[in-house]
Amino acid sequence: NTPQKIEFFENPEEIISIHCNNYSCFAITKNGLYSWGDNGSGQLGIGNFKNQNVPKKIDFFSNIDEILSIYLGGDFCIVITYD
C-alpha cells in the first residue's frame, strides 16, 4: 500500500491530532472528533456497525476541549475526558 492523502479535511490546520491502529483512525479537530475505518464492533462511536471509509463526526462530544486522550484497540476505542 502507498500513502494516500485524506481529502476530507479541507484545512489541515484544523486537525489537532490523529490516533490510529491497524483498523481505524480518530482525528481530533477544531470542529469535533471524527472516526473512520473498521467498525464491526461499533468501535468508531458513530451509532452503527458499518465500516466507515471517510471520516465521520462523532456527535457525542460537544466540546473537544474535554478530550484528554484516545486509546485504540482492535475492536474498541477509549476516549478519556475531563468530565
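The exercises below work through one residue, the cysteines and a surface patch of a predicted model.

Residues are numbered from 1 along each chain as its sequence is written. Local features need pLDDT of at least 70 and side-chain atom pairs count only at pLDDT 80 or more, while totals for chains, interfaces and linings use all residues, and side-chain values use heavy atoms, with hydrogens and water left out.

**Exercise 1.** Determine whether Gln-52 is buried or exposed, and list its surroundings.

Solution.
1. Gln-52 lies in strand S4, residues 52–57 (a strand is a DSSP run of E, at least two residues, numbered from the N terminus).
2. Its relative accessible area is 16%. Buried means under 20%, exposed over 50% and partly exposed in between, with a 1.4 Å probe and protein chains only, so Gln-52 is buried.
3. Beyond neighbours within four places in sequence, Gln-52 is in contact (heavy atoms within 4.5 Å) with Ser-35, Trp-36, Gly-37, Leu-44 and Ile-46.

**Exercise 2.** Establish how many disulfides the structure holds, and check Cys-77.

Solution.
1. The criterion is a pair of cysteine sulfur atoms within 2.5 Å.
2. Searching the whole structure gives zero disulfides.
3. Cys-77 is in no disulfide, as the nearest cysteine sulfur, that of Cys-20, is 11 Å away.
4. Cys-20 is partly exposed at 46% relative accessibility, and Cys-77 is partly exposed at 21%.

**Exercise 3.** Classify Ile-78 by accessibility and locate it.

Solution.
1. Ile-78 belongs to strand S6.
2. Its relative accessibility is 41%, so Ile-78 counts as partly exposed.

Notes: Helix = DSSP H or I, 4+ residues; strand = E, 2+ residues; numbered from the N terminus.
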